[in-house]
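This note is meant for a colleague who is meeting the structure for the first time. Please read the numbered points with the sequence and the model in view.

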Amino acid sequence: GGDLDAAKADLEKLGIDLTLNIVGFTLAGAQARAPLAGLAGSTGGAYLRAQDGPSLARAIVAAATDRFPYRVLGAKGETVAAGDAGDAGAELPAGTYRVVVQAGADDISLEGVAIARGADTKLRIVRKGDGFAVER
């Protein structure tokens, strides 16, 4: 019965920089989810749904994940670069690579990442369902 907009305004007045990732467990209906999703979104966070134990575990891990270590693999599967998403990246020779990102408890990968000579290639990590994906 609380006022989510007032709570958000109170936090802003106090100068609290807060990102809310909210996990809705077994919430049925858009009327129950919409205010929570709106609150999460207004802070730059995400609303994640969970309907059972396994999806709850995945959603909690996804909500708490804020670091994404990555590895770039060469043609023979060898690691040719590594770091954390958002760092300065790596300079690689032209070629085709596989990128593997540790996203919480999961490794997600993107095959066939082409690097052209003299060009930057940027990938991004996005929320997808109750987990993450790597996109071009």
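Is R98 buried, partly exposed or exposed, and what is its relative accessibility? The first point takes up this residue, and the later points turn to other parts of the model, which is a predicted one.

1. R98 counts as partly exposed, because its relative accessibility is 32%, and the partly exposed class covers values that are neither under 20% nor over 50%. The residue forms a salt bridge with E111, and the closest N and O atoms of the two are 2.9 Å apart. R98 lies in strand 5 and E111 in strand 6, so the pair ties together parts that are 13 residues apart in sequence. E111, for its part, counts as exposed, at 51% relative accessibility.

2. The structure holds four salt bridges in total. One of them is formed by the side chains of R58 and D106, which meet at 2.5 Å, N to O. Here R58 belongs to helix 3 (residues 53-64) and D106 to strand 6, so this bridge ties together parts that are 48 residues apart in sequence. R58 is partly exposed, with 37% relative accessibility. D106 is also partly exposed, with a relative accessible area of 29%.

3. Another salt bridge joins the side chains of D84 and R67, at 3.2 Å, N to O. D84 is a residue of strand 4, while R67 sits in the loop between helix 3 and strand 3, so the pair ties together parts that are 17 residues apart in sequence. The relative accessibility of D84 is 27%, and the residue therefore counts as partly exposed.

4. The largest pocket deserves attention next. It holds about 750 Å³ of space. Its lining is made up of 29 residues, and those that lie nearest the centre of the pocket are G89, A90, T121, K122 and L123. Several strands contribute to this lining: strand 3 (69-73), strand 4 (79-84), strand 5 (95-103), strand 6 (106-115) and strand 7 (124-128) each supply at least two residues. By residue class, the lining of the largest pocket divides into 18 nonpolar, four polar and seven charged residues.

5. A nonpolar patch on the surface is formed by L14, I16 and L18, and together these residues have about 280 Å² of accessible area. Within this patch, I16 is found in the loop between helix 1 (4-13) and strand 1 (22-25). I16 is partly exposed, its relative accessible area being 42%. That value satisfies one condition for membership of a patch, because patch residues must have over 30% relative accessible area.

6. The loop between strand 1 and helix 2 (30-42) contains T26. The backbone of T26 should be inspected: its phi is near 55°, a positive value in a residue other than glycine. T26 is partly exposed, at 45% relative accessibility. L27 is also placed in the loop between strand 1 and helix 2, and at 25% relative accessibility L27 counts as partly exposed. The C-alpha atoms of L27 and G2 are separated by 17 Å, and the two residues are 25 residues apart along the chain.

7. Where does Y97 lie, and is it buried or exposed? Y97 is found in strand 5. With a relative accessible area of 10%, Y97 is buried, because a value under 20% defines that class. Along the chain Y97 and A75 are 22 residues apart, and their C-alpha atoms are separated by 6.6 Å.

8. The last residue to consider is R127, which has its place in strand 7. R127 is partly exposed, with a relative accessible area of 33%. How far apart in space are R127 and P93? The separation of R127 and P93 is 30 Å from C-alpha to C-alpha, and in sequence they are 34 residues apart.

Notes
Residues numbered from 1 in each chain as written. Predicted model: local features only at pLDDT ≥ 70, side-chain atom pairs only at ≥ 80, totals over all residues. Heavy atoms only, no water. 1 Å grid on protein atoms, 1.4 Å probe; cavity = no way out; pocket = protein on both sides within 12 Å on 5 of 7 lines; lining within 4 Å. Points joined across faces, edges and corners; volume = space filled by probe spheres on them. Helix = DSSP H or I, 4+ residues; strand = E, 2+ residues; numbered from the N terminus. Nonpolar A, V, L, I, M, F, W, Y, C, P; charged D, E, K, R; others polar. Patch = residues over 30% accessible without salt bridge, like charges linked within 9 Å, V, L, I, M, F, W, Y side chains within 5 Å. Areas by Shrake-Rupley, 256 points an atom, 1.4 Å probe, with all protein chains shown as cover. Buried < 20%, exposed > 50% of the residue type's maximum accessible area, 1.4 Å probe, protein only.
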